[in-house]
Amino acid sequence: MSSPRLNQPWRAAVAGGLVVVAVLAVLAAIWSWQHGIIRYDVPAGDGTPELASTRFIGSWMAAAIGLGTVAALLLVGAGRQLLLAVRTRDSNPLPPIQTAEAPSA
């Protein structure tokens, strides 16, 4: 019984799909990060400078970090699939070529 071949051309399509999903995850992470930062400008009166305050919302930030991590893992998987689509090492290499005659008995 022979084992299935690892280098199969359809793995390149799988790698392309993983890259597309990773790009979508990065875009979702950017969107989530932007929703996690809220800037407040409080006007002041009588010559005092206005107060600028920034609020960070942890749930949006955590979602952005999680999506970035998922995107990185998807890119690693895509790289693996692409390498398997292009080349693999042969598990049964040919025997070495003998150039000398075997000793006679």
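**Entry 1: tryptophan 10**

I began with tryptophan 10, which has its place in helix 1. I note at the outset that the model is a predicted one. Is tryptophan 10 buried or exposed, or something in between? I found a relative accessibility of 48% for tryptophan 10, so the residue counts as partly exposed, a class that lies between the 20% and 50% limits. I then looked up a partner that is remote in sequence: alanine 85 is 75 residues away from tryptophan 10 along the chain, yet the C-alpha atoms of the two are separated by 7.1 Å.

**Entry 2: the chain as a whole**

I next recorded the overall layout. The protein chain holds two helices and two strands. Read along the sequence, these elements give the pattern α-β-β-α. Of the 105 residues in the chain, I found that buried ones make up 14%. The accessible surface comes to about 8500 Å², and carbon and sulfur atoms account for 66% of that area. I also looked at how contacts span the sequence: among those between residues at least 6 apart, 65% join residues at least 24 apart.

**Entry 3: the two helices**

How do the axes of helix 1 and helix 2 cross? I noted that helix 1 covers residues 10-35 and helix 2 covers residues 58-86. Their axes come within 8 Å and cross at roughly 165°. Because angles over 145 degrees count as roughly antiparallel, helix 1 is roughly antiparallel to helix 2. I entered the handedness of this crossing as left-handed. Which kinds of residue form the contact of helix 1 with helix 2? I recorded 26 nonpolar residues there, together with five polar and two charged.

**Entry 4: alanine 15**

I returned to helix 1 for alanine 15, which lies in that helix. Its relative accessible area is 5%, and alanine 15 is therefore buried, the limit being under 20%. Leaving out residues up to four places away in sequence, I found that alanine 15 touches Ala78, Gln81 and Leu82. I also looked up alanine 85 again: it is 70 residues from alanine 15 along the chain, and the C-alpha atoms of the pair are separated by 8.8 Å.

**Entry 5: alanine 78**

I then turned to alanine 78, one of the residues that alanine 15 touches. Alanine 78 is found in helix 2. With a relative accessible area of 5%, alanine 78 is buried. What does alanine 78 touch, apart from residues up to four places away in sequence? I listed Ala15, Leu18 and Val19. I added a distance to glycine 17, which is 61 residues from alanine 78 in sequence and 8.2 Å from it in space, C-alpha to C-alpha.

**Entry 6: serine 32**

My last residue was serine 32, whose place is in helix 1. Why does serine 32 count as buried? The reason is that its relative accessibility is 2%, while buried means under 20%. Its neighbours within four places in sequence aside, I found serine 32 in contact with Trp60, Ala63 and Ala64. Helix 2 covers residues 58-86, so I place these three partners within helix 2.

Key:
Residues numbered from 1 in each chain as written. Predicted model: local features only at pLDDT ≥ 70, side-chain atom pairs only at ≥ 80, totals over all residues. Heavy atoms only, no water. Axes fitted to C-alpha atoms, helices over the stretch in contact; angles between N-to-C directions. Helix = DSSP H or I, 4+ residues; strand = E, 2+ residues; numbered from the N terminus. Parallel < 35°, antiparallel > 145°, perpendicular 65-115°, else oblique. Left-handed = near helix turned anticlockwise from the far one by under 90°. Nonpolar A, V, L, I, M, F, W, Y, C, P; charged D, E, K, R; others polar. Buried < 20%, exposed > 50% of the residue type's maximum accessible area, 1.4 Å probe, protein only. Contact = heavy atoms within 4.5 Å. Areas by Shrake-Rupley, 256 points an atom, 1.4 Å probe, with all protein chains shown as cover.
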